[in-house]
Amino acid sequence: MSEMLRLFRGGRRASLVPNYTVMVLLALFSLGPVCVLAFNSLKSNLEIGDNSLGPPTELHLENFFNAWVQGAFGTTVRNSLFLVVTTVALVLLLGGIAAYALARLKPPGADAYMVYMVALSTVPVWLYLVPLFVILKRIGLIDSLWGLLLLYVALESPFSIFLLRSFMLEVPSDFEDAARVDGASEWQVLIRVMLPIVWPGFLTVGLVVALSVWNEFQIAYVFIHSPELQPVATSYYSFQRRFYTDWALTSAAAMMMITPVICFFLALQRRFIEGLAQGGLKG
Amino acid sequence: MALDIARKAYRRGAVAYVQKARRRLGGRSFRRNVLPWLFVAPISLVHLIIVIIPALFGLYYSLTEWPGVGRPEFVGLQNFRTLFFKDMHFRQAFNHNLMWVAFFLTVPFIMSLSAASLVAQIRRAAMFFRTLLFVPYVLPGVVVAFVWRMMMSPRVGAGAQLARWGLDIPLLGHPFLGDTQTALWAVAFVANWPWWGFLMTLFLAAMQAISPELYDAAKIDGANRWQEFRNVTLPGIRPTVVFMYLMSAIWSFTSFGYVWVLTQGGPGVSTELLVTYLYKKAFRYFEVGYGAAIGLTVTALAGTLVVLSTLLRRRGWEI
């Protein structure tokens, strides 16, 4: 009804030209620098010297090869993939069963536990980073991907539990009751009944966690020191300091890091935006 | 109808059956009271090891003097006395951090609220623009920092290139990151670049949940765009804005990454924030106890904001 009214009175509405103008300018502000990065990754440093914004005149694809070798991307990508896969798997498994218990079994104290989750996710990492470093050092988990994995699981899970729980709350309980009548255990209810319904929620959470682990730099920077154990983002930090003014090489390395991210984002943008927006809780 | 009755009867029967089965197994209390916590236990254990125990240790370390090896020496509140009354470096970091918080509580909100209200008005291509403006948010911070270091460089930056193209904009070629007067704002500008588009997406979603009838009513009353925004949009999205305001305050008290990648607190101490100072103290100068004291102070600052806003809301403030 209101839609029809709006169409009917369309002629009287204020012009939208200013809206589009501002939006185009803002889109330029957001994407312009990314385009410049892509352009510069294909130029020689000589060309960047007199054309640092425009498209390249000739393609220097060897930048990518050089950056891959100089940045030891073979090793760092493997480290990052290990972290991404294991963190996502553990967060979905441990967070998933916790969310199921909190959303569907509703034990007494579940609400209090959710408040505790919120508190946990707002505690600044820097309160416990120093003592954590000391503790992990004592048990030999400094400079170890397993130690970092444990940290990522702890940091990513409160938001994941939140999101998974909210997805599970929307499922009507008839299906589960039917399964329980048939004598299914809670574990079977979760795997056979719940998971087939809420898997899109798991996918959303998995994407958000994967993105944040792939991009994460500061915690890995504190806890990993050996170059051969560094994930891509942390290794890129030292890379761009080592080749401080080698703009072409550093741009090429950056492009290798962000191309998969941008492709995934554009392909699955609805899920990404939904997950990230609902995870507004998370830094 | 008949089907409905049958289904109800079935469900009633089923519920009774489940209850009987539970009673028989004595499993009612187990399934309701124990099993759920077994499901929650593994992740809670991870939280305990990674967050809770270290946080408690942090409280203790903040009362000690400790170079990271040997035994921590208990010194009471001495770290905090030094921190608040003697340490000029800390005071500078604190002042910079206040400016930083002020920036993140104004600029991104003004940008994202205006952009969101502009996008909300257009039907066609609204989601397309939303996607474009969201792209910077998915990029790694280290890459964002690099891109802008390049764009602001006096030699290959945007200002320099525009000058080469004959469009000399006087201030644009300034080495913003290298000048103590501008460095802090330059870093804040870079940190805001991916952030405001994310805020815009949140506000846009909240705006699209407002009933269109309210806008029609405002139009009939002859409201102009500003009045419409002030009286319809803003009240509609207030919970989202307030929540993000609180989170922004907490996060901007604990910012580290962008400053660290771009300037490491320099030039001089012009971009030192509380957490970059903490990092230097704890991991460069090995003053672990002192670093823990800074960490506790930062948490207390953020915590005060949360408690304050909760109290004000309890007392009926409309925030």
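This passage describes the contact between two chains, one helix of chain A, and several local backbone features in a predicted model.

We can start with the interface, where 79 residues of chain B are in contact with 76 residues of chain A. On the chain B side, helix α2 (residues 28-61) supplies the largest share, 19 residues. The chain B residues that touch chain A are 58 nonpolar, 15 polar and six charged. As for chain B itself, its fold contains 13 helices and two strands. Of its 319 residues, 39% are buried. Among contacts in chain B between residues at least 6 apart in sequence, those joining residues at least 24 apart account for 66%.

One residue of chain B helps to make this picture concrete. B:V261 sits in helix α11 (residues 257-262) of chain B. B:V261 counts as buried because 25 C-beta neighbours lie inside 10 Å, where 20 or more are needed. Leaving aside residues up to four places away in sequence, B:V261 touches B:G141, B:V142 and B:A145 in its own chain and A:Y237 in the other. The pairing with B:A145 spans 116 residues in sequence, yet the two C-alpha atoms are 6.7 Å apart in space.

Turning to chain A, helix α13 (residues 247-267) can be followed in some detail. The axes of α13(A) and helix α12 (residues 232-242) of chain A come within 11 Å and cross at roughly 170 degrees. The two helices are therefore roughly antiparallel, the cut-off for that class being over 145 degrees. From α12(A), the residues making the contact are A:V232, A:Y236, A:F239 and A:Q240, and they meet A:T250, A:A253 and A:M257 of α13(A). By class, this contact has five nonpolar residues, two polar ones and no charged ones. An α-helix has 3.6 residues a turn, so residues three or four places apart point the same way.

Along its length, α13(A) has 21 residues and reaches 29 Å from its first C-alpha to its last, close to the expected 30 Å. The helix nevertheless bends by about 35 degrees at A:I258, and the proline A:P260 follows within four residues. A:I258 is also among the buried residues of α13(A), which include A:W247, A:A248, A:L249 and A:T250 towards one end and A:F265 towards the other. The two remaining contact residues named above, A:A253 and A:M257, are buried as well. Cover for the buried residues of α13(A) comes from both chains: it includes α2 (17-40), α3 (45-50), α4 (62-70), α12 and α14 (269-278) of chain A, together with α6 (141-151) of chain B.

Finally, a few backbone features deserve a look on screen. In chain B, a cis peptide bond joins B:G266 and B:P267, with omega about -5 degrees. B:P267 has its place in the loop between α11 and α12 (274-284) of chain B.

Chain A offers two residues other than glycine with positive phi: A:A72, near 50 degrees, and A:D143, near 60 degrees. A:A72 is found in the loop between α4 and α5 (73-105) of chain A, and A:D143 in the loop between α7 (125-138) and α8 (145-169) of chain A. A:A72 is partly exposed, with 16 other C-beta atoms within 10 Å. A:D143 also counts as partly exposed, since it has 15 C-beta neighbours inside 10 Å.

Note on methods. Residues are numbered from 1 along each chain as its sequence is written. Chains are lettered from A and ligands numbered from 1 in the order in which they are written. This is a predicted model: local features need pLDDT of at least 70, side-chain atom pairs count only at pLDDT 80 or more; totals for chains, interfaces and linings use all residues. Axes are lines fitted to C-alpha atoms, for helices over the stretch in contact, and angles run from 0 to 180 degrees between N-to-C directions. Angles under 35 degrees count as roughly parallel, over 145 as roughly antiparallel, 65 to 115 as roughly perpendicular and the rest as oblique. Two residues are in contact if their C-beta atoms, placed from the backbone, lie within 7 Å. Ala, Val, Leu, Ile, Met, Phe, Trp, Tyr, Cys and Pro count as nonpolar, Asp, Glu, Lys and Arg as charged, and the others, Gly among them, as polar. A residue is buried if 20 or more other C-beta atoms lie within 10 Å of its own, exposed if 12 or fewer, and partly exposed in between; C-beta atoms are placed from the backbone. The expected span of a helix is 1.5 Å times one less than its number of residues. The bend at a residue is the angle between axes fitted to the seven residues ending there and the seven starting there.
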